[in-house]
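Reader: I want to know what stands behind each label you use. Take me through the structure and justify the terms as you go.

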Amino acid sequence: MTPHGLYSDLYHCLLDAQPYYLTPAWLLRNRELLGKVVVNPSCWFSWYGPLPPSLAARVDSTDEFQMTERMVWVEDPATLAVWPFWIGDEYFPYLSRMTPGAELEEDLPAHIRWVLTEAHILVQPNHLAQRRREWRNELDSYAGEFENGYVSVPGLIHPFHLGALRRYYRYRTRNGYYLVGDEQVRRRFAAHNEGVARFVHNQLRHAISDIAAAVLTPSYAYFVSYLSGAELEEHVDREQCDYSITACIDASPEPRDESPWPIKLRSGDGPVAIHQRLGDALLYRGCRVPHFRDRLPPGFTSTSLLLHYVDESFDGALS
């Protein structure tokens, strides 16, 4: 159990303890909101009752979550991802006096105001329109690159949640929740359709559909943590992996920038090595683009979420 009374083997992203040391500093904006500030109208405070149906429909994999009565669910108005944040004793007195859509009227301690800003609980009044405009501009770039069969997409996972994912999977890996070795790679921990991976899988669905210019549905998710000496042979994926994401969520030694162990693609122009920073997602056509990894050097580990999608019209088995 953590010092805040949360179970270490269950998933949580506690605002009172942010940023965890596992949250990469380069992902945090450290930006102060000036002028009028409002409570994000796209968030929901759990102490007001169950999630509204429009949000609840997108939250269907919380089996491994530590559900509590003090949670704030924040919707990204552009990608439609819904990210939950757990609230402890320090933050609750402030948040309990707030109402989504209302102007912030009280002064907050500087660090609490910054954390709530990073979590997009406090935003500027034009946040919804601005965020949607930013996403449209990003899509122009991503969609153009994806015509080649792959594109790197940073920032799809909230930085605080990236730190929480690293904590959660490190704890579970150390404590024997996952077996070592599968039919493809002998030296990696692996888990098929693990609950938290499925949650992230579902949250990224709309963003990946936007980039692919197709209506996609999640097929299955796969957690993998490679040990030194692991090697991924060149292959293409099965039909459930038409649109695939490799999201880099952890590595050791701690990379200062890009991970030194790239995923390699066999594109029309020859092999391409994609070096990822923590939190980066690589979207590629898994059934069409051969991909592989060379042997992981001694003393290194690398952890990823493999998230697979198919066209909505796909009529085969999803898992």
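Author: This is a predicted model. A sheet makes a good start. Three strands form an open sheet in the order β2-β3-β4, and their pairing is antiparallel.

Reader: What makes β2 and β4 the edge strands of this sheet?

Author: Each of them, β2 (43-45) and β4, pairs on one side only. From one strand to the next, the twist averages 20 degrees.

Reader: How do you know that β2 and β3 are paired?

Author: Two strands pair if DSSP finds at least two bridges between them. Three bridges join β2 to β3, so the pair meets that rule. The two strands run antiparallel. Within β3, V72 stands opposite F45.

Reader: Which helix lies across β3 and β4?

Author: Helix α6 (residues 195-203) does, and it runs at about 135 degrees to β4.

Reader: What is the strand order in the open sheet of seven strands?

Author: The order is β6-β14-β11-β16-β9-β8-β7, with antiparallel pairing. The edge strands are β6 and β7 (179-180), as each pairs on one side only.

Reader: How do you know that β9 and β16 pair?

Author: The rule asks for at least two bridges. β9 and β16 are joined by nine, so they count as paired. They run antiparallel. One partnership sets V224 against S304 in β16.

Reader: Which strands of that sheet does α4 touch?

Author: α4 packs on the sheet and touches β6, β11 (243-252) and β14 (281-284). The direction of α4 makes about 150 degrees with that of β6. Helix α5 (residues 159-174) lies across β8, β9, β11 and β16. It runs at about 75 degrees to β11.

Reader: Why are α4 and α7 called oblique to each other?

Author: Helix α4 (residues 127-146) and helix α7 (residues 205-212) pack at an angle of about 60 degrees. Roughly parallel needs an angle under 35 degrees, and roughly perpendicular starts at 65. The angle of about 60 degrees fits neither. α4 and α7 are therefore oblique to each other. Their axes are 8 Å apart.

Reader: Which residues make the contact between α4 and α7?

Author: From α4 come W135, L139, Y142, A143 and F146. They meet A207, D210, I211 and A212 in α7. By class, this contact has eight nonpolar residues, no polar ones and one charged. Asp counts as charged, so D210 fits the charged class.

Reader: Now the pockets. What volume does the largest pocket have, and what lies nearest its centre?

Author: Its volume is about 950 Å³. The lining has 43 residues, of which R29, D76, H120, R131 and G155 lie nearest the centre.

Reader: Which element gives the largest share of that lining?

Author: α4 does, with seven residues. Each of β3 (71-75), β4 (82-86), α3 (110-118), β5 (122-123), α4 and β6 (150-153) supplies at least two residues. By class, the lining has 21 nonpolar, twelve polar and ten charged residues.

Reader: How many residues line the second largest pocket?

Author: The second largest pocket has a volume of about 390 Å³. It is lined by 20 residues, with Q184, R188, Y220, Y222 and D237 closest to its centre. Two or more residues come from each of β8 (188-192), β9 (216-226), β10 (232-235), β15 (291-293) and β16 (301-311). β9 gives the largest share, three residues. The lining divides into eight nonpolar, six polar and six charged residues.

Reader: What makes a space a cavity and not a pocket?

Author: In a cavity, a 1.4 Å probe fits but cannot get out, whereas a pocket is open. The count comes to two cavities of 30 Å³ or more. The largest cavity holds about 40 Å³ of space. Its lining includes C248, W261, H275, R293 and S304. By class, that lining has five nonpolar, five polar and one charged residues.

Reader: What lines the second largest cavity?

Author: The second largest cavity has a volume of about 40 Å³. Its lining is A251, S252, P253, S259, P260, W261, L296, F300, T301 and S302. β11 and β16 each supply at least two of the lining residues. Six are nonpolar, four are polar and none is charged.

Note on methods: Residues are numbered from 1 along each chain as its sequence is written. This is a predicted model: local features need pLDDT of at least 70, side-chain atom pairs count only at pLDDT 80 or more; totals for chains, interfaces and linings use all residues. Side-chain values use heavy atoms; hydrogens and water are left out. Axes are lines fitted to C-alpha atoms, for helices over the stretch in contact, and angles run from 0 to 180 degrees between N-to-C directions. Helices (H or I, at least four residues) and strands (E, at least two) are DSSP runs, numbered from the N terminus. Angles under 35 degrees count as roughly parallel, over 145 as roughly antiparallel, 65 to 115 as roughly perpendicular and the rest as oblique. Contact means heavy atoms within 4.5 Å. On a 1 Å grid over the protein atoms alone, a cavity is a set of points where a 1.4 Å probe fits but cannot get out, and a pocket is an open set with protein on both sides within 12 Å along at least five of seven lines; lining residues have an atom within 4 Å of a point. Grid points are joined across faces, edges and corners, and a volume is the space filled by probe spheres set on the points.
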